[in-house]
Amino acid sequence: MNTKRERKILILYASYGDGHMQVSKALQQCFWERGLHNVLMLDLYASAHPLMDAITRFAYLTSCSFCPSLYGWSYYLTQNMQHNRTPVKFLNTFGIGALREFIQAERPDAVINTFPMAVMAELRKQAGLQIPIFTVLTDFVLHDRWIHQEIDQYFVANEELKTAIINKGIPAERVKVSGIPLRKAFCQTYNKNQLFLRYGLEPAKKIVLIMAGAYGVMRNLKKICRALLDLEDIQILLVCGKNQALKDRIEASFAQKPNICIFGFVEHIQELMSISSCMITKAGGITLSEALSLQLPVIVFRPLPGQEKENATFLENKGAARIACKIEELVEHVEQILYKRQQVGQMKKAIRALQRKDASEAIVLDIINELDGAGV
């Protein structure tokens with residue numbers, strides 16, 4: 001057994017989108033600040049089956065872009081599927097051999113899931129291991145892939161999610177409302193005038209930030225930009241993520257438009273978010289949490305069926321976001337946020353009610369306390 005000084009934490013994630021890795025990094029950084037420096041991050045699927053991982057990630061991105069209903073079908077089909085069903089058994093053991101070898105080599109004192117995978121839970125069940133398992137949910141709504149009876153503690157974004165997990169038979173004391181962990185950069189305040197100068201923006205104009213996703217999969221971007229450029233006193237910041245081809249196409253189409261700035265992947269995206277009046281985006285749980293932390297009103301455009309649609313609907317029902325399925329509807333929402341103070345005031349009040357800026361700290365302290373109490 002490791003001593004306290006030598007404690008080792010393993011964080012399991014997967015690279016389907018950028019958010020799960022960002023949550024893992026936020027937790028890793030927080031552990032470091034608490035003096036636990038031996039914190040490993042493992043992209044399990046990529047490590048165990050790199051070819052299969054690449055194929056499934058390609059299929060995921062392709063379905064997001066060209067056949068979103070297919071992904072939605074698979075999401076809802078498995079949403080309430082029991083662990084003894086064959087498809088779930090396969091998913092729960094995918095990569096288990098590689099994980100067993102990793103656990104034997106590294107001997108971690110605790111394992112944290114930031115992706116809906118139950119491989120560690122199945123491994124502990126099969127091998128009789130005593131390693132504590134913690135799961136950090138990165139959405140606002142529940143899918144059964146997150147749940148397994150071998151998981152010791154769940155950290156969730158809201159009370160509704162806690163209730164949903166309890167209704168699945170998990171004891172209430174094993175579910176804690178922490179919020180979704182964010183990097184510290186999203187919990188700070190920024191000098192907006194300095195950022196206006198840095199990015200060459202006009203402070204007097206409204207700024208609309210468009211996030212096409214980590215892999216630039218949002219569709220109809222040219223039409224959206226053209227429609228928004230017709231609004232009064234507006235500047236558009238378009239982030240294309242890692243999709244260089246998309247960035248090149250947009251730049252060629254709007255080369256003569258000074259009111260639109262086009263970016264690829266932006267490391268310090270919090271700077272653009274902090275100076276924006278509203279954001280148009282996909283509905284990933286981490287991106288939405290980042291916006292909540294910075295009190296940035298969000299419009300989700302055509303959310304993908306599945307967790308994106310559920311995330312967006314949850315926030316819309318709370319009054320903290322808007323959903324648009326048509327470009328005309330999108331423009332209408334933008335106008336309301338930019339030019340109607342009462343509506344944006346109500347929206348920001350709803351956002352503040354959902355904010356949990358200290359999620360990383362709360363989760364890390366709780367895990368440390370759990371390990372202390374167990375004598376690990």
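Visitor: What makes a group of residues a patch?
Guide: Patches are made of residues with over 30% relative accessible area (Shrake-Rupley method, 1.4 Å probe) and no salt bridge, like charges being joined within 9 Å. A salt bridge is a Lys or Arg side-chain nitrogen within 4 Å of an Asp or Glu carboxyl oxygen. This is a predicted model, in which local features need pLDDT of at least 70 and side-chain atom pairs count only at pLDDT 80 or more. Residues are numbered from 1 along each chain, and side-chain values use heavy atoms.

Visitor: Why is the patch with Lys-192 and Lys-206 called positive?
Guide: Lys and Arg count as positive, and this surface patch is formed by Lys-192, Lys-206, Arg-341, Lys-348, Lys-349 and Arg-352, so the name follows from the definition. Helix α16 (residues 341–354) gives the most, four residues, and Lys-348 lies in that helix. Helices are DSSP runs of H or I with at least four residues, and strands are runs of E with at least two.

Visitor: What makes the patch of Glu-316, Glu-329, Glu-332 and Glu-335 negative?
Guide: Asp and Glu count as negative, and Glu-316, Glu-329, Glu-332 and Glu-335 gather on the surface. Helix α15 (residues 327–339) supplies the largest share, three residues.

Visitor: How do you know that β1 and β3 pair?
Guide: Pairing requires at least two bridges found by DSSP. Four bridges join β1 (residues 9–13) to β3 (residues 110–113), so the requirement is met. In β3, Ile-112 is the bridge partner of Ile-11.

Visitor: Why are β2 and β6 at the edges?
Guide: The open, parallel sheet has the order β2-β1-β3-β4-β5-β6. β2 (39–43) and β6 (175–177) each have a single partner strand, so one side of each lacks a neighbour in the sheet.

Methods
Patches are made of residues with over 30% relative accessible area and no salt bridge: like charges are joined within 9 Å, nonpolar side chains (Val, Leu, Ile, Met, Phe, Trp, Tyr) within 5 Å. The place of a charge is taken as NZ of Lys, CZ of Arg, CG of Asp or CD of Glu.
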